[in-house]
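The following note is offered to a colleague at the bench. It takes up aromatic rings, charges and confidence in turn.

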Amino acid sequence: MIKVNSGLIDKIKIDENFNASACFNCGTCSALCPVGFDILPRKLFRYVLLGDEEKILESTDQIFSCLLCRMCEEQCPQEVNITENIRLIRSYLAKSKLGV
Amino acid sequence: MSKVGAVLGILNDNFEKRKTVFSVSKESLTSWAKDLNIKKGTDTIIYTGHMYQLMPITKSATSIYENFEESSLMNFAPVGRFINKFVDLSSMSKYAAKPEKKEEERSNKCLQNIYQLLKYAGVEAGYLYEDELYVGTLLYDNGIDEPLINQAKILNKILKDNFVQNIITVDPHTTHMLRKVYKKILPEFDYNVKNYIEVLYEKKIKPQNKLNMTLAIHDSCVLARYEEVIDEPRTLLKNAGVDYVEPELSRKLTHCCGGPIESLFPKKAKEIASKRANDLLSCSNIVTTMCPICLLNLKESTPAKDNFLDLSEILAKAYL
């Protein structure tokens, strides 16, 4: 069962560049990722859009393992701002969940 | 509190309280400029952003951190954060992880090379000396952007007080932060920001010595993908007589050196660096980098450490 936080997306989407909803889940980004974590970024964006805060928290280490190298964005057919989206998710976690 | 939260908390506390993430003495930060008679301020300055100067202590501290990254000692990281609010732990790390003298000398030499190359190109750049600030890349990348607004305001005042209009940066991260990020978070932060590689390219400098060497190019992710500086270093190398080899993943498809996660996950960072270093060394036994973080991570991931050269080290041989 997923516990949904419907307000989560508003807390993360504090910048106009956040466009996770443009992702159509093709996985090109995951195939190119030098870190090699399959959660990044397509599954992660689904969790954010669904408001599955628990899954996002479980993925904290992976979210902060992203290199922000933008290799994924070079081939993204949907021009998703993947690294900026991840940076904004980090921002939410740092402020609201990690006590930074 | 998680390990990630504690480490980021320490970095954030240092930045808010001490204006940097890792304390290094003012003397170490500015010693590269000691005998160069560089003017303070002026309308065009070289801005180091402390990146080259931080690499020696980053190397020694990371090698220690790597050893207990996954140990139970990390459970005490939140305690470390509490203590760090009162005692600057990063300034004490120089005793636990003393930077190597040769690494400090090399970092200084790279900065001196860049300054001399700019001078050769006809650019008499000033310098802010101890007034220069770390720009906060590590915080911004990890989503901690609020303290940056204050840092941008402080830096903006320093630049205005010194009548600065043009900023020449020496590393890709500081270039991106000052050119794009600071302008976004503080609209009045309005300066002409260029990386030194762009300036040397625009000035069409001519080599004094033709180099007869072959090397592989490692593009920085930030310089190539964020800032689209790709052809400039190649032209400078080609004009210097360098025969450069493009690895399979190069230019806009360059492969990361792993450096951005070395503060949080040093083992993973080293795995990524090692893979990239081996790819590069399979193209040529000499490799050039354009970022001090790339240089440190790649060379430290392989026994062939001496085969990695900063671009400034090669350009200095040809143009100075």
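1. In this predicted model, the charged end of Arg70(A) is placed over the ring of Tyr226(B), at 3.5 Å from the ring's centre. Arg87(A) lies over the face of Tyr140(B), and here the distance to the ring centre is 3.7 Å.

2. Pairs between aromatic rings come to six over all chains. In one of them, Tyr127(B) and Tyr129(B), the ring centres are 4.7 Å apart and the planes meet at 50°; the pair is therefore tilted, since an angle over 60 degrees would be needed for edge-to-face and one under 30 degrees for stacked. Tyr127(B) and Tyr129(B) are both buried.

3. Another pair joins Tyr182(B) and Phe189(B), with 5.2 Å between the ring centres. Their planes stand at 75°, so this pair counts as edge-to-face. Both residues, Tyr182(B) and Phe189(B), are buried.

4. Which residues do ring pairs link into a cluster? The members are Trp32(B), Tyr115(B), Tyr127(B) and Tyr129(B). The tilted pair of Tyr127(B) and Tyr129(B) described above thus belongs to this cluster.

5. On confidence, chain A has an average pLDDT of 92, and 99% of its residues score at least 70. Within chain A, helix H7 (residues 82–96) has the highest confidence, at 95, while helix H2 (residues 28–32) has the lowest, at a mean of 90. As a general caution, predicted coordinates should not be read in detail where pLDDT is low.

How values were computed
Residues numbered from 1 in each chain as written. Chains lettered and ligands numbered in written order. Predicted model: local features only at pLDDT ≥ 70, side-chain atom pairs only at ≥ 80, totals over all residues. Heavy atoms only, no water. Phe/Tyr/Trp six-rings, centres within 6.5 Å; stacked < 30°, edge-to-face > 60°. Buried < 20%, exposed > 50% of the residue type's maximum accessible area, 1.4 Å probe, protein only. Lys NZ or Arg CZ within 6 Å of the ring centre and 35° of its normal. pLDDT = per-residue confidence, 0-100. Helix = DSSP H or I, 4+ residues; strand = E, 2+ residues; numbered from the N terminus.
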